[in-house]
2 protein chains.
Amino acid sequence: MARVTLQTIADRLGVSRATVSYAFSRPDQLSDGLRQRIMEVADELGYAGPNPTARSLRLGRAGALGLLFSETLAYAFADPYAIGFFQGLATAAEDAGVGLLILPLPHGDRRSETVRDAVVDAFCVMSLPDGHPALAEVLARKLPVVVVDEPYVPGHPFVGTDEPAAAAAAARHVLELGHRRIGVAMVGLHDDGHTGWASRERQEGAVFEAMRRRAGGYRQACEEAGIDWSGVPFYEVARNSREAGRKAGHALLGRDPRPTAILTNTDVLALGVLDAAADLGLAVPGELSVVGFSDSAAEEAGLTTIRQAKQEMGAAAGRLLLSGAAAEPERLVFPHELIVRTSTAPPAHA
Amino acid sequence: MARVTLQTIADRLGVSRATVSYAFSRPDQLSDGLRQRIMEVADELGYAGPNPTARSLRLGRAGALGLLFSETLAYAFADPYAIGFFQGLATAAEDAGVGLLILPLPHGDRRSETVRDAVVDAFCVMSLPDGHPALAEVLARKLPVVVVDEPYVPGHPFVGTDEPAAAAAAARHVLELGHRRIGVAMVGLHDDGHTGWASRERQEGAVFEAMRRRAGGYRQACEEAGIDWSGVPFYEVARNSREAGRKAGHALLGRDPRPTAILTNTDVLALGVLDAAADLGLAVPGELSVVGFSDSAAEEAGLTTIRQAKQEMGAAAGRLLLSGAAAEPERLVFPHELIVRTSTAPPAHA
DNA sequence: ATTAAGACCTTAATCGATTAAGATCGGCCG
DNA sequence: CGGCCGATCTTAATCGATTAAGGTCTTAAT
């Protein structure tokens, strides 16, 4: 059975294609009788309605927002911070009646055309490493783009956090409690899958701008407190999982002298560090203080963390994209807030 | 500045539009010299590449999978079971190099055209209440469709769980431990926002088929154990949140006689019930046993639950859709498994 | 009896590409 | 020298719609 189009129906009834189109999109332009006959013939022939692609071409709008995320999709759905952001973005999209097209990123070497072929009106790019080819592909599309967290792209709106300040707030919190032996566990500095101690070069040469700046915030706060950063153990993991956090925790807590406070990049990692502490029988916050980031999975565990306005950020990105305001570059830096719970306290010996 | 199309470039160089098209999609058909000049002119003019919508129209493929979910998008991203499913689906989509178009459901009375206008090759419909208009809109598109969990649509592939059996397994677990005073807390029976005791009519007339059958599974297991179902308190909540679970928990635990075991519909709800138990100073599992569902948020809390193969289900749905196998109706019922942790034990008095 | 106003359809241009088939041309073979 | 071939472009049909502008009748007002 051949494809049924407007023309098929038109021919069947001996009317023009335009008439049939009106029957679907402008019922008031037609007499009731004819419109009804058109509709009858339409479902008699099994017509599926005006082809959305053709419609989209003619109308010049796709009705969707493209979303690019650094990780594989499966991973994105596992990251509470990302999920929070998606919720906000999805709400904005929903309000505007447009869909959210989640695009897979070319993973590995397999060249993919998804960005080039994505039928969208605008792109939201989240957390891409510096120089990632997908960003160039997005920019080549010359559609409105907002980038979230990283990387900063001059000329396009940005939504994010004051990373150095937020990280410094986390660090200063434990420093002000009196901690001097700090440890750091971070994920998402590089995308080379490396897990282990992070050299100064790896810290400062991190390809994810936001995380690089976050690390810088930790460092600056420590140095301002008179702590020698080169003596601060810094463990880097490849995945944002509780298990990875636990591994980092064991690495850090195995040091001599043992850190009395550990700063982490994400709440999930922090939970893993708590697991490690539990493994070792260390009391939190008695013998160890732990700080998370994002306030995405922290509450139930009583984790001290930095709260970010995830959903608001998503909603803002969505609004920028959908209002057409993405034309003029705006830099939306959302506030962060230190949330002190029960995973931090002054060090035991202090 | 007018729009730049293939034709613009062609005119500029005095070649035909087809030639320019070949430059992009079939470089081997052109001499290197001309192709390079075309490319130069293209980015001199700021050409954004072949228009994906036009391309899509010509090629007859959209490069995207549509996903419909019962709740608002923001809510979907908050449900661990859904997220798990999405992960599987996203992975399948990713492997095939297609995007995932998340569609908002017409919420409230506002009529939305998103389903009609979605540029997709197939639809995955998840957890829609009986008779929801969006389903009819999807079917009208006459594209491959797979429905997940509910509702069952004859003639289309289905991916889901043996709900009565899974629910019965949960119920039998506590019954076999010796519990006789059972309570039930469920979410997602109706979409009318009701929270409170669920009459027999509301239980059996639930508009969400899977949940209705799940409730039926609880009932059958209880009756087979000689328990009078009409004496089993059944609390229904409108949202799948920990807070709602806590509310249900308080309602159920406030009964006299107090239930010694509570069956819940989701892990999130179960966590809320645990909160309520904690509020009342009830020991779990000493004085109260709690069973969750889905194994989506259960592990850390030591919750006994029914594990579902969320990700596998998503992957299977994706494969069905992308392989074209969605033509012939298949019914994929994935196995479930009772995971016994530390939230269940024999009742105190037994 | 004119005629202006609607109501209802049709004409035709347009959205931006892809691609099979045909044209042109220089070179190479026998 | 005729002819065939391959490389390189062009022609033209096609994908499936939308919509401004124009035509044709009725109908009602003057």
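**Entry 1. Helix 1 against helix 3, chain B**

I looked up which residues bring helix 1 and helix 3 of chain B together, working throughout on a predicted model. From helix 1 of chain B, Thr8(B), Ile9(B), Arg12(B) and Leu13(B) take part. Their partners in helix 3 of chain B are Arg37(B), Ile38(B), Val41(B), Ala42(B) and Leu45(B). I sorted the residues of this contact by character and obtained 6 nonpolar, 1 polar and 2 charged.

I then turned to the geometry of the pair. Helix 1 of chain B covers residues 6-13 and helix 3 of chain B covers residues 32-45. Their axes come within 10 Å and cross at roughly 120°. An angle over 145 degrees would count as roughly antiparallel and 65 to 115 as roughly perpendicular, so I recorded helix 1 and helix 3 of chain B as oblique to each other. The crossing of helix 1 of chain B with helix 3 of chain B is right-handed.

**Entry 2. Ile9(B)**

I followed one residue of that contact, Ile9(B), which is placed in helix 1 of chain B. Is Ile9(B) buried or exposed? I found 26 other C-beta atoms within 10 Å, so Ile9(B) is buried. Leaving aside neighbours within four places in sequence, I list Val20(B), Ile38(B), Val41(B), Ala42(B), Leu45(B) and Tyr47(B) as the contacts of Ile9(B). I also checked the separation from Ser56(B): Ile9(B) and Ser56(B) are 47 residues apart in sequence and 21 Å apart in space, C-alpha to C-alpha.

**Entry 3. Helix 12 against helix 13, chain B**

I examined a second helix pair in chain B, formed by helix 12 (residues 242-253) and helix 13 (residues 267-279). The two axes come within 6 Å and cross at roughly 50°, which makes helix 12 of chain B oblique to helix 13 of chain B. I noted a right-handed crossing for helix 12 and helix 13 of chain B. On the side of helix 12 of chain B, the residues in the contact include Arg242(B), Glu243(B), Ala248(B), His250(B) and Leu253(B). On the side of helix 13 of chain B, they include Val268(B), Leu269(B), Val273(B) and Asp275(B). The residues of this contact divide into 10 nonpolar, 4 polar and 4 charged.

I also looked up Lys247(B), which lies in helix 12 of chain B. Lys247(B) has 22 C-beta neighbours inside 10 Å and therefore counts as buried. Lys247(B) and Leu103(B) are 144 residues apart in sequence, and their C-alpha atoms are 31 Å apart in space.

**Entry 4. Chain A as a whole**

I counted 14 helices and 13 strands in chain A. Its radius of gyration is 26 Å, well over the 20 Å that the globule rule gives for 350 residues, so chain A is more spread out than a compact globule. Along the principal axes, the C-alpha trace of chain A spans about 90 × 35 × 35 Å. Of the 350 residues in chain A, 51% are buried. Among contacts in chain A with a separation of 6 or more, 71% join residues 24 or more positions apart.

**Entry 5. The side of chain A that touches chain B**

I found 40 residues of chain A in contact with 40 residues of chain B. Which element of chain A gives the most to this side? Helix 6 of chain A does, with 7 residues. Helix 4 (52-59), helix 5 (73-76), helix 6 (80-96), strand 2 (99-103) and helix 7 (114-117) of chain A each supply at least two residues. I classed the residues on this side of chain A as 22 nonpolar, 12 polar and 6 charged.

**Entry 6. Loops and backbone geometry**

I looked up Gln29(A) in the loop between helix 2 (17-25) and helix 3 (32-44) of chain A. Gln29(A) counts as exposed because it has 12 C-beta neighbours inside 10 Å. The C-alpha atoms of Gln29(A) and Thr19(A) are 8.6 Å apart, with their positions 10 residues apart in sequence.

Most residues other than glycine have a negative phi, and most peptide bonds are trans. I therefore recorded the departures, with that general expectation in mind. The peptide bond from Glu150(A) to Pro151(A) is cis, with omega near -10°. Pro151(A) lies in the loop between strand 4 (145-148) and strand 5 (158-161) of chain A. In chain B, a cis peptide bond joins Glu150(B) and Pro151(B), with omega about -10°.

Ser294(A) has a positive phi near 100°, and Asp295(A) has a positive phi of about 50°. Ser294(A) is in the loop between strand 10 (289-291) and strand 11 (305-308) of chain A, where Asp295(A) is also found. Ser294(A) is buried, with 25 other C-beta atoms within 10 Å, and Asp295(A) counts as buried with 24.

Methods. Residues numbered from 1 in each chain as written. Chains lettered and ligands numbered in written order. Predicted model: local features only at pLDDT ≥ 70, side-chain atom pairs only at ≥ 80, totals over all residues. Helix = DSSP H or I, 4+ residues; strand = E, 2+ residues; numbered from the N terminus. Rg over C-alpha atoms; globule rule 2.2 N^0.38 Å. Buried ≥ 20, exposed ≤ 12 C-beta atoms within 10 Å, placed from the backbone. Contact = placed C-beta atoms within 7 Å. Axes fitted to C-alpha atoms, helices over the stretch in contact; angles between N-to-C directions. Parallel < 35°, antiparallel > 145°, perpendicular 65-115°, else oblique. Left-handed = near helix turned anticlockwise from the far one by under 90°. Nonpolar A, V, L, I, M, F, W, Y, C, P; charged D, E, K, R; others polar.
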